[in-house]
Amino acid sequence: VKAVISNAKNKMQDAYTFATFARDFKSQKIAQIFELYENTLNNNNAIDFDDMLMLCVKLLEQNAEVRTKYYERFKHILVDEFQDTNQAQYNLVRALYTNYQAEDDIPQERSLCVVGDVDQSIYSWRGADFKIILNFQNDFKKCKLVKLEQNYRSTGSILKAANSIIENNEERVDKVLYSNKGDGEKISYYEADDEADEAN
């Protein structure tokens, strides 16, 4: 239940919005808990971690004066691990970078740099949406894509195996990883019998 509420807030849904879309029994029960949870927070003048982000984004959306203050303060924005961005985080970055202006109206002295690899997206369980990085070039048509395909840690054998797996991902930015470290040792794998064997 806690994870569902957290993911809802990461998608910018409060208890009322979540309840609006709750169709099955489980979702409806979570919606009731969500409302009680939000009321308890409000009655104690408290917010949770997800509220910090969601309320910040709502403030920027609703208050042009505050948004303009931070838009002018942060002229250069860098976001690392962008593949693990959730909707609330993306809305925050977009508000700070654009001040809700059209792309052609954004001054040239401003910059937004995001670094990420859709093939390394691992936090969907925490609300991350890999489609945000895939859609970045549509949202910011003037952006320049720089592919960092050289790997400095791994050998050719490891990268060949990685390439053969990730090329099967249907939604991705095409790239081919390579290394100047030579082929290295052949890859071996171990198939565990159970979780304890895997841990060992």
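# Exercises on a predicted model

**Exercise 1.** Decide whether Lys-144 is buried or exposed, then place the residue in the fold.

*Solution.*
- Step 1: Lys-144 has a relative accessible area of 74%.
- Step 2: A residue is called exposed when this value is over 50%, so Lys-144 counts as exposed. Keep in mind that the model you are looking at is predicted.
- Step 3: Follow the chain to the loop that runs between helix 8 and helix 9, and you will find Lys-144 there.
- Step 4: For a partner to look at, take Cys-113. It sits 31 residues away from Lys-144 in sequence, and the two C-alpha atoms are 9.4 Å apart in space.

**Exercise 2.** Work out how many helices and strands the protein has, and in which pattern they follow one another.

*Solution.*
- Step 1: Counting the elements gives 10 helices and two strands.
- Step 2: Along the sequence, their pattern reads α-α-α-α-α-β-α-β-α-α-α-α.

**Exercise 3.** Find out what the radius of gyration says about the protein when it is set beside that of a compact globule of 200 residues.

*Solution.*
- Step 1: For a compact globule of 200 residues, the expected value is near 16 Å.
- Step 2: The protein itself has 21 Å, which is above that value.
- Step 3: Now look at the box that the C-alpha atoms fill: along the principal axes, its sides are roughly 60 × 50 × 25 Å.
- Step 4: Turn to burial, where 34% of the 200 residues are buried.
- Step 5: The accessible surface is about 14300 Å², and carbon and sulfur atoms account for 50% of that area.
- Step 6: Finally, consider contacts between residues at least 6 apart in sequence. Of these, 73% join residues at least 24 apart.

**Exercise 4.** Describe the largest pocket: what is its volume, and which residues are closest to its centre?

*Solution.*
- Step 1: Rolling a probe the size of a water molecule over the atoms reveals where empty space is left.
- Step 2: In the largest pocket, that space comes to about 1500 Å³.
- Step 3: Its lining is made of 45 residues, and those closest to the centre are Val-114, Val-115, Gly-116, Val-146 and Leu-148.
- Step 4: Strand 2 (111-114), helix 7 (131-134), helix 8 (136-139) and helix 9 each give the lining at least two residues.
- Step 5: Sorted by class, the lining holds 23 nonpolar, nine polar and 13 charged residues.

**Exercise 5.** Do the same for the second largest pocket, and say which helix gives the most to its lining.

*Solution.*
- Step 1: The volume here is about 240 Å³.
- Step 2: There are 14 lining residues, with Asn-10, Phe-49, Asp-50, Asn-86 and Arg-126 closest to the centre.
- Step 3: Two elements supply two or more of the lining residues, namely helix 1 (2-10) and helix 4 (49-62).
- Step 4: With four residues, helix 1 gives the most.
- Step 5: By class, you should arrive at five nonpolar, six polar and three charged residues.

**Exercise 6.** What is the sign of phi in Asn-45 and in Asn-99, and is each residue buried or exposed?

*Solution.*
- Step 1: As background, most residues other than glycine have a negative phi.
- Step 2: Asn-45 has a positive phi, near 50°. For Asn-99, phi is positive as well, near 55°.
- Step 3: Asn-45 belongs to the loop between helix 3 (25-43) and helix 4, while Asn-99 is found in the loop between helix 6 (87-98) and strand 2.
- Step 4: A relative accessible area of 74% makes Asn-45 exposed.
- Step 5: The cut-off for buried is under 20%, so Asn-99, at 14%, is buried.

**Exercise 7.** Locate Glu-167 and Gln-28, and give the accessibility class of each.

*Solution.*
- Step 1: Glu-167 sits in the loop between helix 9 (156-166) and helix 10 (195-199). Its relative accessibility is 54%, so it counts as exposed.
- Step 2: Asp-119 lies 48 residues from Glu-167 in sequence, with 9.2 Å between their C-alpha atoms.
- Step 3: Gln-28 is part of helix 3. At 38% relative accessibility, Gln-28 is partly exposed.
- Step 4: Leaving aside residues up to four places away in sequence, Gln-28 touches Ala-22 and Arg-23.
- Step 5: From Gln-28 to Leu-53 there are 25 residues in sequence and 25 Å in space, C-alpha to C-alpha.

How values were computed:
Residues numbered from 1 in each chain as written. Predicted model: local features only at pLDDT ≥ 70, side-chain atom pairs only at ≥ 80, totals over all residues. Heavy atoms only, no water. Buried < 20%, exposed > 50% of the residue type's maximum accessible area, 1.4 Å probe, protein only. 1 Å grid on protein atoms, 1.4 Å probe; cavity = no way out; pocket = protein on both sides within 12 Å on 5 of 7 lines; lining within 4 Å. Points joined across faces, edges and corners; volume = space filled by probe spheres on them. Nonpolar A, V, L, I, M, F, W, Y, C, P; charged D, E, K, R; others polar. Rg over C-alpha atoms; globule rule 2.2 N^0.38 Å. Contact = heavy atoms within 4.5 Å. Areas by Shrake-Rupley, 256 points an atom, 1.4 Å probe, with all protein chains shown as cover.
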